[in-house]
Amino acid sequence: WSEMYLSHDEVEPAEARDSDQDARDKASRMEDKYQWLSMDSEGDRILKIIGDADDEDDQLDAWHGHLKKTLKFPFEAKVAELQDRGPLDYGDKVIVKSLNETEDLYGILVNVTCGREHYVFPLCELAVSEEKSSNYLPVQDYCTWFANK
């Protein structure tokens, strides 16, 4: 049934089960998780990775595990975000050597080289140089998730 009409005598008053704050909290958690469904195939891939993880820490751990299994190192990338400080800047080409650790503010950190120098850099600020690379979509999906979490 898509609609149902009831008369006044067929309805009984009920006590509220949830407070307004409970309802807002639940709606917020549901939106955080299911916002990805409106993003077509990219959103489907993101939702498949984060699964049932409710909070950002669990989702970040899910991404780290997924990327550890999926990415093939080393690969070439470029800095895709403007940098306020630090030795790397927008457009710099780097070689991503391996995953490092996760960090609350910057997400997944990776070990990179630029020339002869070695750095630890946020993966969310990189873009894989070669679009045909098997690393391109996983990194792009992670960057989309990180920017919208």
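A nonpolar core, as I shall use the term, is a set of buried Ala, Val, Leu, Ile, Met, Phe, Trp, Tyr and Cys residues joined through side-chain atoms within 4.5 Å. Please bear in mind that the model before you is predicted.

Let me start with that core. The largest one in this chain has 29 residues, and those touching the most other members are Trp 63, Leu 126, Tyr 142 and Trp 145. Two or more residues each are given to this core by α2 (40-50), α3 (56-70), β1 (75-79), β2 (93-103), β3 (107-114), β5 (126-128) and α4 (136-148). The largest share, 5 residues, is supplied by α4.

Which residues does Trp 145 contact, its neighbours within four places in sequence set aside? They are Trp 36, Ile 46, Ile 50, Glu 56, Gln 59, Leu 60 and Trp 63.

I turn now to the chain as a whole. The protein chain holds 4 helices and 5 strands, and from the N terminus their order is α-α-α-β-β-β-β-β-α. Its radius of gyration is 21 Å, well over the 15 Å given by the globule rule for 149 residues, so the chain is more spread out than a compact globule. Along the principal axes, the C-alpha trace spans about 80 × 30 × 25 Å.

As for burial, 31% of the 149 residues count as buried. Among contacts with a separation of 6 or more, 45% join residues 24 or more positions apart.

Finally, the surface and the charges. The chain exposes about 10,700 Å², of which carbon and sulfur atoms supply 47%. There are 17 positive and 34 negative charges, and their mean positions lie 10 Å apart.

Technical notes. Residues numbered from 1 in each chain as written. Predicted model: local features only at pLDDT ≥ 70, side-chain atom pairs only at ≥ 80, totals over all residues. Heavy atoms only, no water. Rg over C-alpha atoms; globule rule 2.2 N^0.38 Å. Buried < 20%, exposed > 50% of the residue type's maximum accessible area, 1.4 Å probe, protein only. Contact = heavy atoms within 4.5 Å. Areas by Shrake-Rupley, 256 points an atom, 1.4 Å probe, with all protein chains shown as cover. Lys, Arg positive; Asp, Glu negative; His and termini not counted. Charge placed at Lys NZ, Arg CZ, Asp CG, Glu CD.
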